[in-house]
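Reader: I have a model open and would like to understand the words people use for its parts. Could you take me through some of them?

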Amino acid sequence: MLALTLGDPAGIGPEIAAAAHARGGHPFVAIGSATVLRNFADVAVVETVAQAREVNGPIPVLDIPTSVEVVFGTPDPRNAAGVIRSIELGADLARSGQVSALVTAPISKKVLKDGGGFAYPGHTEFLAHLSGTARPVMMLAGPDLRVVPVTIHIPLADVPAALTPALLEQTIRVTHAGLIRDFAIPSPRIAIAGLNPHAGEGGVMGRQEIEVIMPVLNHLRAEGLNLTDPLPADTMFHAAARAHYDVAICMYHDQALIPLKTLSFDDGVNVTLGLPFVRTSPDHGTAFDIAGKGVARPDSLLAAIAMATDMVERRR
Ligand SMILES: NC(=O)C1=CN([C@@H]2O[C@H](COP(=O)(O)OP(=O)(O)OC[C@H]3O[C@@H](n4cnc5c(N)ncnc54)[C@H](O)[C@@H]3O)[C@@H](O)[C@H]2O)C=CC1
Ligand SMILES: NCC(=O)COP(=O)(O)O
(Lines give C-alpha, C1' and ligand atoms only; values in the text may rest on other atoms or scores of the structure.)
(Ligands and ions follow the chains in the order given, each with its own letter.)
Protein backbone atom coordinates (compact mmCIF):
# COMPACT_ATOMS: atom_id res chain seq x y z
CA MET A 1 0.00 0.00 0.00
CA LEU A 2 1.23 3.50 -0.93
CA ALA A 3 0.68 6.73 0.99
CA LEU A 4 -0.75 9.66 -0.96
CA THR A 5 -0.60 13.13 0.56
CA LEU A 6 -3.47 15.27 -0.71
CA GLY A 7 -1.44 18.47 -1.10
CA ASP A 8 -3.05 21.88 -0.86
CA PRO A 9 -6.69 21.25 0.14
CA ALA A 10 -7.86 24.14 -2.08
CA GLY A 11 -6.10 22.70 -5.12
CA ILE A 12 -6.83 19.73 -7.35
CA GLY A 13 -5.02 17.17 -5.18
CA PRO A 14 -8.12 15.80 -3.40
CA GLU A 15 -10.21 15.44 -6.56
CA ILE A 16 -7.48 13.75 -8.62
CA ALA A 17 -6.83 11.42 -5.66
CA ALA A 18 -10.52 10.49 -5.71
CA ALA A 19 -10.43 10.00 -9.49
CA ALA A 20 -7.32 7.83 -9.24
CA HIS A 21 -8.95 5.68 -6.57
CA ALA A 22 -12.04 5.28 -8.75
CA ARG A 23 -9.86 3.98 -11.58
CA GLY A 24 -8.60 1.17 -9.33
CA GLY A 25 -4.95 0.24 -9.55
CA HIS A 26 -2.50 0.21 -6.70
CA PRO A 27 -4.15 0.82 -3.32
CA PHE A 28 -3.21 3.87 -1.28
CA VAL A 29 -3.98 5.45 2.04
CA ALA A 30 -4.68 9.18 1.67
CA ILE A 31 -3.17 11.65 4.12
CA GLY A 32 -5.02 14.95 4.50
CA SER A 33 -8.48 16.27 5.22
CA ALA A 34 -11.20 13.62 5.18
CA THR A 35 -13.80 16.39 5.05
CA VAL A 36 -12.33 17.81 1.87
CA LEU A 37 -11.89 14.41 0.23
CA ARG A 38 -15.52 13.56 1.04
CA ASN A 39 -16.55 16.15 -1.58
CA PHE A 40 -15.27 13.76 -4.23
CA ALA A 41 -15.50 10.20 -2.86
CA ASP A 42 -16.61 7.95 -0.03
CA VAL A 43 -13.92 7.92 2.63
CA ALA A 44 -13.14 5.82 5.69
CA VAL A 45 -11.15 7.53 8.39
CA VAL A 46 -8.46 5.24 9.79
CA GLU A 47 -5.90 5.57 12.55
CA THR A 48 -3.22 3.28 11.14
CA VAL A 49 -1.98 1.85 7.86
CA ALA A 50 -2.98 -1.59 9.13
CA GLN A 51 -6.58 -0.39 9.41
CA ALA A 52 -6.33 1.17 5.97
CA ARG A 53 -5.46 -2.22 4.49
CA GLU A 54 -8.79 -3.58 5.77
CA VAL A 55 -10.88 -0.92 4.02
CA ASN A 56 -12.69 -2.11 0.94
CA GLY A 57 -14.45 0.44 -1.25
CA PRO A 58 -14.07 3.88 0.30
CA ILE A 59 -10.74 5.69 0.31
CA PRO A 60 -8.95 5.09 3.62
CA VAL A 61 -7.75 8.42 5.06
CA LEU A 62 -5.38 9.32 7.83
CA ASP A 63 -7.29 12.46 8.69
CA ILE A 64 -5.54 15.78 9.16
CA PRO A 65 -8.36 18.30 9.49
CA THR A 66 -7.93 21.75 7.98
CA SER A 67 -7.77 24.71 10.34
CA VAL A 68 -10.32 26.71 8.36
CA GLU A 69 -12.98 25.72 5.87
CA VAL A 70 -11.67 25.15 2.36
CA VAL A 71 -12.78 27.18 -0.64
CA PHE A 72 -11.59 25.42 -3.78
CA GLY A 73 -9.35 27.64 -5.82
CA THR A 74 -8.62 29.99 -2.93
CA PRO A 75 -5.71 28.68 -0.90
CA ASP A 76 -5.60 29.76 2.72
CA PRO A 77 -2.23 30.02 4.48
CA ARG A 78 -4.00 29.12 7.74
CA ASN A 79 -4.23 25.55 6.39
CA ALA A 80 -0.50 25.37 5.72
CA ALA A 81 0.44 23.60 8.96
CA GLY A 82 -1.83 20.65 8.17
CA VAL A 83 -0.34 20.30 4.69
CA ILE A 84 3.17 20.26 6.13
CA ARG A 85 2.09 17.72 8.77
CA SER A 86 0.69 15.45 6.06
CA ILE A 87 4.05 15.39 4.27
CA GLU A 88 5.87 14.69 7.54
CA LEU A 89 3.51 11.81 8.30
CA GLY A 90 3.87 10.41 4.77
CA ALA A 91 7.65 10.55 5.05
CA ASP A 92 7.54 8.82 8.45
CA LEU A 93 5.36 6.03 7.09
CA ALA A 94 7.60 5.54 4.06
CA ARG A 95 10.82 5.65 6.07
CA SER A 96 9.55 3.12 8.57
CA GLY A 97 8.35 0.80 5.81
CA GLN A 98 4.68 0.96 6.85
CA VAL A 99 3.88 2.05 3.31
CA SER A 100 5.82 0.97 0.25
CA ALA A 101 6.20 4.46 -1.23
CA LEU A 102 5.11 8.07 -0.92
CA VAL A 103 3.17 9.85 -3.66
CA THR A 104 2.55 13.54 -3.12
CA ALA A 105 -0.17 15.74 -4.60
CA PRO A 106 0.83 19.34 -5.33
CA ILE A 107 1.48 22.03 -2.76
CA SER A 108 1.84 25.77 -3.14
CA LYS A 109 5.26 26.62 -1.81
CA LYS A 110 4.26 30.24 -1.27
CA VAL A 111 1.17 29.33 0.75
CA LEU A 112 3.23 27.00 2.94
CA LYS A 113 5.86 29.67 3.46
CA ASP A 114 3.31 32.39 4.22
CA GLY A 115 1.23 30.25 6.56
CA GLY A 116 3.58 27.63 7.94
CA GLY A 117 7.02 29.18 7.75
CA PHE A 118 7.98 26.43 5.30
CA ALA A 119 11.70 26.90 4.70
CA TYR A 120 12.08 24.60 1.70
CA PRO A 121 11.69 25.24 -2.03
CA GLY A 122 9.47 22.15 -2.33
CA HIS A 123 8.83 18.54 -1.38
CA THR A 124 12.19 17.50 -2.83
CA GLU A 125 14.28 19.42 -0.34
CA PHE A 126 11.82 18.92 2.56
CA LEU A 127 11.81 15.15 2.14
CA ALA A 128 15.60 15.20 1.89
CA HIS A 129 15.70 17.09 5.17
CA LEU A 130 13.26 14.69 6.85
CA SER A 131 15.22 11.65 5.70
CA GLY A 132 18.76 12.97 6.21
CA THR A 133 19.51 12.86 2.47
CA ALA A 134 22.43 15.09 1.47
CA ARG A 135 21.74 15.41 -2.23
CA PRO A 136 18.19 14.77 -3.47
CA VAL A 137 17.78 14.89 -7.22
CA MET A 138 14.58 15.94 -8.99
CA MET A 139 13.90 13.96 -12.13
CA LEU A 140 10.86 14.39 -14.35
CA ALA A 141 10.04 11.42 -16.49
CA GLY A 142 7.61 10.86 -19.32
CA PRO A 143 7.29 8.18 -21.97
CA ASP A 144 9.61 10.10 -24.35
CA LEU A 145 12.03 11.96 -22.11
CA ARG A 146 13.65 12.08 -18.68
CA VAL A 147 15.15 15.35 -17.43
CA VAL A 148 17.02 16.41 -14.31
CA PRO A 149 17.47 20.08 -13.36
CA VAL A 150 20.81 20.54 -11.54
CA THR A 151 19.73 23.82 -9.98
CA ILE A 152 16.04 23.81 -9.14
CA HIS A 153 13.87 26.47 -7.52
CA ILE A 154 16.20 29.45 -7.51
CA PRO A 155 16.07 32.74 -9.41
CA LEU A 156 17.58 32.51 -12.88
CA ALA A 157 20.04 35.24 -11.92
CA ASP A 158 21.48 32.96 -9.23
CA VAL A 159 22.01 29.94 -11.49
CA PRO A 160 25.60 30.57 -12.66
CA ALA A 161 26.91 30.91 -9.11
CA ALA A 162 24.92 27.90 -7.87
CA LEU A 163 26.19 25.71 -10.67
CA THR A 164 29.28 24.38 -8.92
CA PRO A 165 31.39 21.37 -9.93
CA ALA A 166 30.41 19.61 -6.69
CA LEU A 167 26.66 20.06 -7.29
CA LEU A 168 26.95 18.92 -10.90
CA GLU A 169 29.04 15.87 -10.01
CA GLN A 170 26.71 14.79 -7.20
CA THR A 171 23.65 15.29 -9.37
CA ILE A 172 25.10 13.15 -12.15
CA ARG A 173 26.16 10.43 -9.70
CA VAL A 174 22.74 10.25 -8.00
CA THR A 175 20.98 10.23 -11.38
CA HIS A 176 23.24 7.48 -12.71
CA ALA A 177 22.64 5.32 -9.63
CA GLY A 178 18.89 6.01 -9.69
CA LEU A 179 18.48 4.97 -13.31
CA ILE A 180 20.29 1.71 -12.61
CA ARG A 181 18.44 0.93 -9.39
CA ASP A 182 14.95 2.25 -9.99
CA PHE A 183 14.59 2.18 -13.77
CA ALA A 184 16.53 -0.98 -14.66
CA ILE A 185 18.85 0.82 -17.09
CA PRO A 186 22.16 -0.99 -16.55
CA SER A 187 24.40 1.54 -18.38
CA PRO A 188 22.61 4.89 -18.45
CA ARG A 189 23.40 7.15 -21.41
CA ILE A 190 23.48 10.62 -19.93
CA ALA A 191 23.18 13.77 -22.03
CA ILE A 192 24.51 16.99 -20.57
CA ALA A 193 23.02 20.34 -21.52
CA GLY A 194 25.20 23.41 -21.74
CA LEU A 195 24.24 26.46 -19.72
CA ASN A 196 24.81 29.07 -22.41
CA PRO A 197 23.49 29.50 -25.96
CA HIS A 198 25.18 26.99 -28.30
CA ALA A 199 26.76 25.45 -25.20
CA GLY A 200 29.03 28.45 -25.04
CA GLU A 201 30.28 28.12 -28.65
CA GLY A 202 33.87 27.45 -27.64
CA GLY A 203 33.83 30.10 -24.92
CA VAL A 204 32.61 33.06 -26.95
CA MET A 205 29.07 32.86 -25.48
CA GLY A 206 29.95 31.90 -21.92
CA ARG A 207 32.66 29.87 -20.22
CA GLN A 208 30.80 27.62 -17.74
CA GLU A 209 30.94 24.73 -20.21
CA ILE A 210 34.75 24.92 -20.31
CA GLU A 211 35.47 25.90 -16.74
CA VAL A 212 32.75 24.13 -14.71
CA ILE A 213 31.06 21.41 -16.73
CA MET A 214 33.82 19.76 -18.79
CA PRO A 215 36.18 19.08 -15.86
CA VAL A 216 33.37 17.22 -14.06
CA LEU A 217 32.56 15.23 -17.18
CA ASN A 218 36.19 14.27 -17.72
CA HIS A 219 36.47 13.13 -14.11
CA LEU A 220 33.32 11.01 -14.25
CA ARG A 221 34.13 9.55 -17.65
CA ALA A 222 37.37 8.24 -16.19
CA GLU A 223 35.13 6.16 -13.90
CA GLY A 224 33.23 4.78 -16.90
CA LEU A 225 30.10 6.95 -16.94
CA ASN A 226 28.60 7.43 -20.38
CA LEU A 227 28.27 11.21 -20.72
CA THR A 228 28.00 13.55 -23.70
CA ASP A 229 29.89 16.80 -23.95
CA PRO A 230 27.78 19.84 -23.05
CA LEU A 231 25.10 20.02 -25.77
CA PRO A 232 23.32 23.10 -27.10
CA ALA A 233 20.01 22.92 -25.24
CA ASP A 234 18.01 24.15 -28.22
CA THR A 235 18.84 21.10 -30.34
CA MET A 236 18.98 18.25 -27.82
CA PHE A 237 15.26 17.61 -27.27
CA HIS A 238 13.94 16.82 -30.74
CA ALA A 239 12.98 13.21 -31.37
CA ALA A 240 16.12 12.08 -33.19
CA ALA A 241 18.36 13.63 -30.54
CA ARG A 242 16.39 12.05 -27.67
CA ALA A 243 17.01 8.60 -29.13
CA HIS A 244 20.66 8.87 -28.07
CA TYR A 245 20.20 9.24 -24.32
CA ASP A 246 18.25 7.95 -21.32
CA VAL A 247 18.26 11.19 -19.34
CA ALA A 248 19.13 14.83 -19.95
CA ILE A 249 20.95 16.66 -17.18
CA CYS A 250 19.90 20.29 -17.44
CA MET A 251 21.47 23.27 -15.77
CA TYR A 252 18.33 25.02 -14.54
CA HIS A 253 14.63 24.41 -13.88
CA ASP A 254 13.01 25.64 -17.09
CA GLN A 255 15.67 24.14 -19.36
CA ALA A 256 14.52 20.76 -18.05
CA LEU A 257 10.83 21.23 -17.41
CA ILE A 258 9.80 23.07 -20.57
CA PRO A 259 10.62 20.18 -22.92
CA LEU A 260 9.26 17.59 -20.48
CA LYS A 261 5.93 19.33 -19.90
CA THR A 262 5.60 20.18 -23.59
CA LEU A 263 5.94 16.52 -24.49
CA SER A 264 4.22 14.92 -21.49
CA PHE A 265 2.14 17.33 -19.41
CA ASP A 266 -0.63 14.78 -18.91
CA ASP A 267 1.53 11.81 -18.02
CA GLY A 268 4.82 13.21 -16.77
CA VAL A 269 6.00 12.19 -13.32
CA ASN A 270 8.23 13.98 -10.86
CA VAL A 271 10.43 11.53 -8.96
CA THR A 272 12.98 12.24 -6.25
CA LEU A 273 16.16 10.21 -6.69
CA GLY A 274 18.52 9.61 -3.80
CA LEU A 275 15.97 9.30 -0.98
CA PRO A 276 15.90 6.18 1.20
CA PHE A 277 12.31 5.57 0.06
CA VAL A 278 10.40 5.89 -3.19
CA ARG A 279 8.68 9.25 -3.78
CA THR A 280 6.86 10.34 -6.90
CA SER A 281 4.41 13.11 -7.75
CA PRO A 282 2.40 14.35 -10.72
CA ASP A 283 4.34 16.84 -12.84
CA HIS A 284 1.71 19.57 -12.54
CA GLY A 285 0.89 21.98 -9.75
CA THR A 286 -2.11 22.86 -7.62
CA ALA A 287 -4.13 24.21 -10.58
CA PHE A 288 -6.17 26.54 -8.37
CA ASP A 289 -7.85 27.93 -11.51
CA ILE A 290 -9.76 24.67 -12.06
CA ALA A 291 -9.93 23.20 -8.53
CA GLY A 292 -13.32 21.84 -7.52
CA LYS A 293 -14.76 22.15 -11.03
CA GLY A 294 -14.52 18.47 -11.91
CA VAL A 295 -12.26 18.98 -14.93
CA ALA A 296 -8.83 18.13 -13.49
CA ARG A 297 -7.20 15.16 -15.19
CA PRO A 298 -5.87 12.42 -12.91
CA ASP A 299 -3.53 11.00 -15.58
CA SER A 300 -0.27 12.40 -14.21
CA LEU A 301 -1.16 11.21 -10.71
CA LEU A 302 -2.02 7.78 -12.10
CA ALA A 303 1.36 7.74 -13.85
CA ALA A 304 3.04 8.76 -10.58
CA ILE A 305 1.33 5.92 -8.71
CA ALA A 306 2.28 3.43 -11.45
CA MET A 307 5.89 4.62 -11.49
CA ALA A 308 6.15 4.38 -7.69
CA THR A 309 4.77 0.85 -7.85
CA ASP A 310 7.32 -0.15 -10.52
CA MET A 311 10.17 1.39 -8.54
CA VAL A 312 9.12 -0.49 -5.41
CA GLU A 313 9.09 -3.75 -7.37
CA ARG A 314 12.58 -3.08 -8.75
CA ARG A 315 13.93 -2.43 -5.24
CA ARG A 316 12.71 -5.79 -3.94
N1 LIG B 1 4.75 18.92 -6.91
C2 LIG B 1 4.27 20.08 -6.54
O3 LIG B 1 3.92 20.25 -5.39
C4 LIG B 1 4.14 21.18 -7.54
C5 LIG B 1 3.58 22.36 -7.14
N6 LIG B 1 3.46 23.40 -8.00
C7 LIG B 1 2.81 24.60 -7.47
O8 LIG B 1 1.54 24.73 -8.08
C9 LIG B 1 1.17 26.11 -8.07
C10 LIG B 1 0.55 26.46 -9.41
O11 LIG B 1 1.55 26.32 -10.42
P12 LIG B 1 1.31 26.60 -11.97
O13 LIG B 1 2.59 27.07 -12.51
O14 LIG B 1 0.10 27.43 -12.15
O15 LIG B 1 1.10 25.18 -12.63
P16 LIG B 1 -0.14 24.18 -12.62
O17 LIG B 1 0.42 22.89 -13.12
O18 LIG B 1 -0.82 24.17 -11.32
O19 LIG B 1 -1.15 24.79 -13.70
C20 LIG B 1 -0.77 25.13 -15.02
C21 LIG B 1 -1.99 24.99 -15.95
O22 LIG B 1 -2.25 23.62 -16.18
C23 LIG B 1 -3.57 23.28 -15.77
N24 LIG B 1 -3.52 21.97 -15.11
C25 LIG B 1 -2.63 21.59 -14.16
N26 LIG B 1 -2.88 20.34 -13.77
C27 LIG B 1 -3.94 19.91 -14.46
C28 LIG B 1 -4.68 18.69 -14.48
N29 LIG B 1 -4.35 17.65 -13.69
N30 LIG B 1 -5.73 18.61 -15.31
C31 LIG B 1 -6.07 19.64 -16.11
N32 LIG B 1 -5.40 20.81 -16.14
C33 LIG B 1 -4.35 20.95 -15.32
C34 LIG B 1 -4.00 24.37 -14.81
O35 LIG B 1 -5.41 24.50 -14.79
C36 LIG B 1 -3.27 25.58 -15.37
O37 LIG B 1 -4.02 26.15 -16.39
C38 LIG B 1 2.42 26.90 -7.70
O39 LIG B 1 2.28 27.34 -6.38
C40 LIG B 1 3.54 25.88 -7.79
O41 LIG B 1 4.56 26.10 -6.83
C42 LIG B 1 3.86 23.33 -9.31
C43 LIG B 1 4.41 22.16 -9.76
C44 LIG B 1 4.59 21.01 -8.92
N1 LIG C 1 8.53 22.47 -10.73
C2 LIG C 1 8.51 21.26 -10.04
C3 LIG C 1 7.95 21.40 -8.70
O4 LIG C 1 7.56 22.47 -8.31
C5 LIG C 1 7.89 20.21 -7.83
O6 LIG C 1 8.67 20.43 -6.71
P7 LIG C 1 8.65 19.42 -5.47
O8 LIG C 1 7.57 19.89 -4.59
O9 LIG C 1 8.45 18.05 -6.00
O10 LIG C 1 10.02 19.62 -4.87
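Author: Gladly! Two strands pair if DSSP finds at least two bridges between them. Keep in mind that this is a predicted model.

Reader: What makes strands E3 and E4 a pair?

Author: E3 (residues 43-46) and E4 are joined by 4 bridges, and at least two are needed, so they count as paired. Their sense is parallel. One of the partnerships to look for is Val46 with Leu62 in E4.

Reader: How do you know that strand E2 pairs with E4?

Author: By the bridges again: 3 bridges link E2 (residues 28-32) to E4, and the requirement is at least two, so this is a pair. These strands run parallel, and Ala30 has Val61 of E4 as its bridge partner.

Reader: Why is E4 called mostly covered?

Author: A residue is buried if 20 or more other C-beta atoms lie within 10 Å of its own. In E4 (residues 59-63), 4 of the 5 residues are buried, hence the description.

Reader: What do E3, helix H3 and E4 make together?

Author: With H3 (residues 49-54), the two strands form a β-α-β unit, and it is right-handed.

Reader: Why are helices H4 and H6 called oblique to each other?

Author: The axes of H4 (residues 80-95) and H6 (residues 123-131) cross at roughly 50° and come within 10 Å. Angles under 35 degrees would be roughly parallel, and 65 to 115 roughly perpendicular; the crossing of H4 and H6 is therefore oblique. Residues in contact include Ile87 and Ala91 of H4 and Phe126 and Leu130 of H6. The crossing is right-handed.

How values were computed
Residues numbered from 1 in each chain as written. Chains lettered and ligands numbered in written order. Predicted model: local features only at pLDDT ≥ 70, side-chain atom pairs only at ≥ 80, totals over all residues. Buried ≥ 20, exposed ≤ 12 C-beta atoms within 10 Å, placed from the backbone. Right-handed = clockwise from strand over helix to strand, strands pointing away. Axes fitted to C-alpha atoms, helices over the stretch in contact; angles between N-to-C directions. Parallel < 35°, antiparallel > 145°, perpendicular 65-115°, else oblique. Left-handed = near helix turned anticlockwise from the far one by under 90°. Contact = placed C-beta atoms within 7 Å.
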